[in-house]
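Please read these points with the sequence and the model open beside you. They go through confidence, the two DNA strands and a few single residues.

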Number of protein chains: 2
Amino acid sequence: MFSVSAKTQYAIRAMAHLAKNQGVSVPSAEIAASESIPPKFLEGILTQLKSSGLVLGERGKNGGFRLADKPEAISMLSIVEAMDGSVKPVSCVEKAGACAQGMSCLPRIFWIGLKEAIDAYLGGRTLKDITEG
Amino acid sequence: MFSVSAKTQYAIRAMAHLAKNQGVSVPSAEIAASESIPPKFLEGILTQLKSSGLVLGERGKNGGFRLADKPEAISMLSIVEAMDGSVKPVSCVEKAGACAQGMSCLPRIFWIGLKEAIDAYLGGRTLKDITEG
DNA sequence: TCAATTCCTATAGACTTGATAGGAATATAC
DNA sequence: GTATATTCCTATCAAGTCTATAGGAATTGA
Ligand code: FES
Ligand code: FES
């Protein structure tokens, strides 16, 4: 339970790599080699990060990827959500009628609280926190 | 990401049901009907809860399940762990060598912090909290 | 024109999840 | 002791997700 996908872990390592190389465009293949990430898999990850607006991609020769913002302005939550979507612990939080009780269902409130705790943790740290001490 | 399995959600609803029927043995089929849980699926869940020591099962006629302890003594964390094992966000927290850096790897510390935040939330509430206001 | 690179789509194998089926073991009631 | 209600055990299945790879089209710079 609560396992973080390899995709998300790769994404964060890749973002950290870009944070250490600000100002220059780093090719996907270079990140892959440096961080031990399957190259073709990483390509897809970076595309996904790009369409979420977290990185900028430049094609062609001397192309590559760079951060779209300063590391201290990129929350961990935004990276996680870019990969796996919003953190939704349980189905019944989204679709009603999963259980007999209604909106005041106590388990439901319990799960929502968990989501908020996770979001608070992830939203409270930035890329800078995991690249510097 | 971070979706809670149907199994765990069912388990908690079942435990809540038992909490409302303390002192008597409730048959699996009755819980299933009352909580809209697939009967045979629930059987397996209750067996699992039993082998984790959270409930007691009694066979034969008039048999069924009951809580092994008072609701306020059963943490949500214990239920979640009984279903899906310990909360381990990332692989590299367990098996070393997943990334180039060592124990001081900042992403690693970040993930451990997340695990602790989740455990703190889950460990800080009990079955009683989700059965009473 | 050439080389490097992102970008797009398709695919495949392994694994996980949710659920069902059939029956063996066990306890109670009559 | 026989019928009945129940847990318990094992096997199976379909559907989905996750991880990864493959091949090539589009774009850019030299
Ligand atoms: S709404 Fe999810 S358990 Fe009731
Ligand atoms: S140990 Fe997990 S990213 Fe380094």
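**Notes on the model**

1. Within chain A, the lowest confidence falls in helix H5 (residues 91-94) of chain A, with a mean of 56, while the highest is in S2(A), at 98. The model is predicted, and these scores are the predictor's own confidence, on a scale from 0 to 100. Chain A as a whole has an average pLDDT of 89, and 87% of its residues score at least 70. Keep helix H5 of chain A in mind as the element of that chain with the lowest confidence.

2. Start with DNA strand C. There are 23 residues around this strand, and those that come nearest are Ser28(A), Glu43(A), Lys50(A), Lys40(B) and Arg59(B). What part of DNA strand C do the atoms within 4 Å of the protein belong to? Sugar or phosphate accounts for 71% of them, and bases for the rest.

3. Some atom pairs at DNA strand C can be checked one by one. The side chain of Lys50(A) has an N or O atom 2.4 Å from a phosphate oxygen of the strand. For Arg59(B), a side-chain N or O atom lies 2.8 Å from a sugar or linking oxygen of DNA strand C. The side chain of Arg59(A) likewise places an N or O atom 3.3 Å from a sugar or linking oxygen of that strand. Two or more residues of the surface near DNA strand C come from each of these elements: helix H3 (39-51) and strand S2 (64-67) in chain A, and helix H1 (6-20) and helix H3 (39-51) in chain B. By type, the residues of this surface are six nonpolar, seven polar and 10 charged.

4. Now turn to DNA strand D. It has 23 residues around it, and the nearest are Lys40(A), Arg59(A), Ser28(B), Glu43(B) and Lys50(B). Of the strand D atoms within 4 Å of the protein, 69% are in sugar or phosphate, and the rest are in bases. At least two residues each are supplied to the surface near DNA strand D by helix H1 (6-20) and H3 of chain A, and by H3 and S2 of chain B. That surface holds six nonpolar, seven polar and 10 charged residues.

5. Three pairs at DNA strand D involve chain A. A polar backbone atom of Ala6(A) is 2.9 Å from a phosphate oxygen of the strand. A base oxygen of DNA strand D lies 2.6 Å from an N or O atom in the Lys40(A) side chain. In the side chain of Arg59(A), an N or O atom is 2.7 Å from a sugar or linking oxygen of DNA strand D.

6. Is Ile45(A) buried or exposed? Ile45(A) is buried, because its relative accessible area is 0%. This residue sits in helix H3 of chain A. Leaving out residues up to four places away in sequence, Ile45(A) touches Lys7(A), Tyr10(A), Ala11(A) and Met83(A).

7. Gly64(B) belongs to strand S2 (residues 64-67) of chain B. Its relative accessibility is 8%, so Gly64(B) counts as buried. Beyond residues up to four places away in sequence, the residues that Gly64(B) touches include Ser25(B), Pro27(B) and Leu56(B).

8. Last, the cysteines. Cys105(A) is buried because its relative accessible area is 3%, and Cys105(B) is buried because its value is 4%. The count of disulfides over all chains is zero.

How values were computed: Residues are numbered from 1 along each chain as its sequence is written. Chains are lettered from A and ligands numbered from 1 in the order in which they are written. This is a predicted model: local features need pLDDT of at least 70, side-chain atom pairs count only at pLDDT 80 or more; totals for chains, interfaces and linings use all residues. Side-chain values use heavy atoms; hydrogens and water are left out. A residue is near a molecule or strand if one of its heavy atoms lies within 4 Å of it. A polar contact is a pair of N or O atoms within 3.5 Å; within protein, one must be able to donate a hydrogen and the other to accept it, and residues adjacent in sequence count only if both atoms are side-chain atoms. Helices (H or I, at least four residues) and strands (E, at least two) are DSSP runs, numbered from the N terminus. Ala, Val, Leu, Ile, Met, Phe, Trp, Tyr, Cys and Pro count as nonpolar, Asp, Glu, Lys and Arg as charged, and the others, Gly among them, as polar. Buried means under 20% relative accessible area, exposed over 50%, partly exposed in between (1.4 Å probe, protein chains only). Contact means heavy atoms within 4.5 Å. A disulfide is a pair of cysteine sulfur atoms within 2.5 Å.
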